[in-house]
Amino acid sequence: MTENKPLIDPWSSNNITDYEHIFKEFGLKPFNEEWKKDLNHILFRRNLVIAERDFIKVLVRIKAKKPFVNITGIASSGPLHFGHKVDIDLFRFFKERGGRNYFAVSDIDAYCSRDKILTMKQAKELAVNNLKHALALGLDEKDVYVQSRKEQRYYEFAFELSKKITNNEFEAVYGHVNLGKISAAILQYGDILHPQLSEFEGKMPSITGIGLDQDPHARVTRDVAQRLGYDIEVPSFIYFKHQSGLREGKKMSSSEPNTAIFLDDNLKEAEKKLMSAFTGGRNTLEEQKKLGGNPNICKVYEMLKFHYEDDKELGRIYSECRQGKWLCGECKKYCANFVIKFLEKHQKEAEKKQKTAEKIVYG
Ligand code: SF4
């Protein structure tokens with residue numbers, strides 16, 4: 001596992017765009033085109049899931065209608081934004097296909113690894129906020145656990161894991177990181193592997209959807225799974241593209257509030273952010289009409305590509321942008337309407353989930 005390779009920082013807000021380099025360096029496989037036919041979801045159809053490790057093991061289980069572990073979680077340094085919705089969409093997708101479901105509210109991970117979160121009290125308040133939004137996005141409360149309230153066996157297992165990794169291995173994968181990040185990473189390995197213990201589901205393939213920047217965690221988890229001494233399957237991963245921020249360059253991130261649309265953003269604020277997003281438009285109206293825009297670099301189009309369900313309508317916007325039939329101003333307005341409608345409904349639902357989220361986090 002720990003050959004000396006260039007490092008990816010799983011705690012940074014930079015967006016990875018050089019996919020081929022990462023695939024080659026770290027042995028990721030591009031997601032198989034054939035498999036997409038069996039996985040009817042926009043994240044697959046629109047090439048937003050781009051790579052995998054051992055996904056075939058899970059696909060075989062889905063086709064045979066046999067169970068597999070579906071495990072993911074959120075450790076955010078701030079409120080949830082549209083970029084986080086992808087994690088929940090994928091989790092729900094695998095639940096519908098027979099997953100045994102584990103969704104971690106990673107309050108300890110967030111406290112240990114995020115400089116902005118100064119106390120556990122803050123981490124828990126944030127966990128409540130994140131969870132109420134996740135529930136409003138369709139997460140089932142029965143599938144949720146909170147790291148700080150998890151049973152003893154989970155913690156025993158995390159300690160067992162910690163003895164299987166040396167400092168040198170850690171540094172080869174992550175570089176020099178503080179003890180907080182080491183603790184957070186160990187809990188993540190525990191999150192992914194513990195459902196296969198005999199006290200939970202027992203041995204079976206497992207799937208976790210992550211962004212490419214989380215691959216260091218995936219590599220260590222897979223490696224540790226093979227030398228733990230437990231009879232468990234090496235976990236599978238699929239990798240999705242991160243939705244980028246509304247300006248050029250970074251992924252949508254809680255640490256970059258002006259470039260992210262948060263799920264609890266005031267509607268006017270959300271509209272304002274979208275109306276000033278970076279687009280693929282031309283410098284002048286004439287050029288736009290003559291040459292068309294470039295949706296491939298446009299953050300407005302990207303928002304629709306990640307979240308707008310209607311393939312036909314999305315295709316129409318793409319080709320009409322290319323043909324210069326749309327002006328960016330009207331296109332932004334169209335997208336803003338979609339986002340505002342979504343947020344309006346979502347925020348009402350999230351308010352209804354407040355009490356449930358508090359109960360899950362505080363008991
Ligand atoms: Fe983006 Fe729409 Fe402008 Fe095309 S017309 S570049 S999709 S904002």
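How many of the 9 residues of helix α14 are buried? This is a predicted model, and the close-ups below start with that helix.

**View 1. Helix α14 (residues 299-307) is largely enclosed by the rest of the structure.** The count is 8 of the 9 residues buried, so the helix is largely enclosed. "Buried" here means under 20% relative accessible area. If you want to pick them out, the buried residues are K299, V300, Y301, E302, M303, L304, F306 and H307. What do they pack against? The partners are α3 (42-45), α5 (82-96), α12 (267-275), α15 (311-322) and α16 (328-352). As background for the helical views, an α-helix has 3.6 residues a turn, so residues three or four places apart point the same way.

**View 2. Strand β7 (residues 236-240) is mostly covered.** Buried residues make up 5 of its 5. Which side chains go which way? S236, I238 and F240 point one way from β7, while F237 and Y239 point the other way, and all are buried. That fits the usual picture: in a regular strand the side chains alternate between the two faces of the sheet.

**View 3. β7 pairs with β2 and with β6.** Strand β2 (residues 49-53) runs antiparallel to β7, and 4 bridges join the two. Look for V49, which stands opposite F240 in β7. Strand β6 (residues 206-211) pairs with β7 in the parallel sense, over 5 bridges. F240 turns up here too, as the bridge partner of G211.

**View 4. β6, helix α11 and β7 make a β-α-β unit.** Follow the chain through β6, then helix α11 (residues 215-227), then β7, and you have traced a right-handed unit. The two strands of this unit are the parallel pair with 5 bridges from the previous view.

**View 5. Strand β4 (residues 99-105) is mostly covered and pairs with β3.** In β4, 6 of its 7 residues are buried. Strand β3 (residues 68-74) runs parallel to β4, with 7 bridges joining them. One bridge to look for pairs I74 with V105 in β4. From β3 the chain crosses through α5 to β4, and this β-α-β crossover is right-handed. Helix α5 also featured in the first view, as one of the elements that the buried residues of α14 pack against.

**View 6. β4 also pairs with β5.** Strand β5 (residues 144-146) and β4 pair in the parallel sense, over 3 bridges. To find your way around, start at A104: its bridge partner in β5 is Y145.

Notes:
Residues are numbered from 1 along each chain as its sequence is written. This is a predicted model: local features need pLDDT of at least 70, side-chain atom pairs count only at pLDDT 80 or more; totals for chains, interfaces and linings use all residues. Side-chain values use heavy atoms; hydrogens and water are left out. Buried means under 20% relative accessible area, exposed over 50%, partly exposed in between (1.4 Å probe, protein chains only). Contact means heavy atoms within 4.5 Å. Two strands pair if DSSP finds at least two bridges between them. A crossover is right-handed if, with the strands pointing away from the viewer, the path from the first strand over the helix to the second runs clockwise.
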